[in-house]
Amino acid sequence: MLDFFATWCAPCKPQMKHLRSVHEQYPGVHLVSITSERDEGAIRSFWREYDGTWPVALDPELKATSKYGADSLPTMVVTDPEGSETWRHRGLSAADTIATKLEAAGATTA
């Protein structure tokens with residue numbers, strides 16, 4: 001699951017709580033958050049403030065952002081084990097909605 005975010009993005013802040021919940025419920029799902037920002041200090045501060053517990057990838061050259069068409073924030077992309085996209089969402093999404101989409105892609109709970 002990919003989460004495109006930015007530290008300045010207002011809906012990205014409450015989204016962190018939902019992502020953390022899903023990450024705890026589905027530990028076998030590889031979740032990575034991706035930002036195009038370059039300020040690593042700001043990213044670390046954001047991650048600490050919002051209790052991020054999964055990897056963050058920096059994408060200042062917008063390679064992943066372009067590849068996945070993440071033209072608004074937050075954008076979430078869920079893929080199945082073969083890498084095919086099964087769900088995409090722009091904007092804030094609740095943990096139960098994300099969980100339903102992960103299960104549809106083959107994820108199982110802890």
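## Reading charges, backbone and pocket

Modeller: Leaving out residues up to four places away in sequence, D59 touches I34, T35, S36, A64 and T65. This is a predicted model, and D59 is a useful place to begin.

Colleague: Where does D59 lie?

Modeller: D59 is in the loop between β3 (56-58) and α3 (63-67).

Colleague: How do I read the charge there: which side chain of opposite charge is nearest to D59, and how far away is it?

Modeller: Start with the general idea. Side chains of opposite charge can pair when their charged atoms come close. The cut-off for a salt bridge is a side-chain nitrogen of Lys or Arg within 4 Å of a carboxyl oxygen of Asp or Glu. In this case the nearest candidate is K63, 7.4 Å away. D59 therefore has no salt bridge, although it is buried.

Colleague: How many salt bridges does the whole structure have?

Modeller: A search finds four. One of them joins R44 and E40, with the closest N and O atoms 3.4 Å apart.

Colleague: How are R44 and E40 placed relative to each other?

Modeller: Both are in helix α2 (residues 40-49). Because they are four residues apart in that helix, about one helical turn separates them. To read their surroundings, use the accessibility classes: buried is under 20% relative accessible area, exposed is over 50%, and partly exposed is in between. R44 has 46% and E40 has 43%, so each is partly exposed.

Colleague: Which residue does D71 pair with, and where do the two partners lie?

Modeller: D71 forms a salt bridge with R90, and the closest N and O atoms are 3.0 Å apart. This pair links distant parts of the chain: D71 is in the loop between α3 and β4 (75-79), R90 is in strand β5 (residues 85-90), and they are 19 residues apart. At 64% relative accessibility D71 counts as exposed, whereas R90, at 41%, counts as partly exposed.

Colleague: What is the partner of R88?

Modeller: R88 forms a salt bridge with E85, with 3.0 Å between the closest N and O atoms. R88 has 26% relative accessibility and counts as partly exposed; E85 has 42% and is also partly exposed.

Colleague: Now the backbone. Which residues does the cis peptide bond join?

Modeller: For this feature, read the omega angle. The cis bond joins L73 and P74, and omega is about -10°. P74 is in the loop between α3 and β4, as is D71.

Colleague: What about phi: what value does D51 have, and where is D51 found?

Modeller: Here the sign is the thing to read, together with the residue type. Phi of D51 is near 55°, a positive value in a residue other than glycine. D51 lies in the loop between α2 and β3 and is partly exposed, with a relative accessible area of 43%. L62 is not a glycine either, and has a positive phi of about 65°. L62 is in the loop between β3 and α3, as is D59. L62 is partly exposed at 38%, whereas D59 is buried.

Colleague: Last, the largest pocket. How much space lies in it, and which residues line it?

Modeller: Read the volume, then the lining. About 150 Å³ of space lies in the largest pocket. Its lining is M1, V29, H30, V78, T79, D80, P81, L102, A105, G106 and A107.

Colleague: How many of the lining residues are nonpolar, polar and charged?

Modeller: Seven are nonpolar, three polar and one charged.

Notes:
Residues numbered from 1 in each chain as written. Predicted model: local features only at pLDDT ≥ 70, side-chain atom pairs only at ≥ 80, totals over all residues. Heavy atoms only, no water. 1 Å grid on protein atoms, 1.4 Å probe; cavity = no way out; pocket = protein on both sides within 12 Å on 5 of 7 lines; lining within 4 Å. Points joined across faces, edges and corners; volume = space filled by probe spheres on them. Nonpolar A, V, L, I, M, F, W, Y, C, P; charged D, E, K, R; others polar. Helix = DSSP H or I, 4+ residues; strand = E, 2+ residues; numbered from the N terminus. Buried < 20%, exposed > 50% of the residue type's maximum accessible area, 1.4 Å probe, protein only. Lys, Arg positive; Asp, Glu negative; His and termini not counted. Contact = heavy atoms within 4.5 Å.
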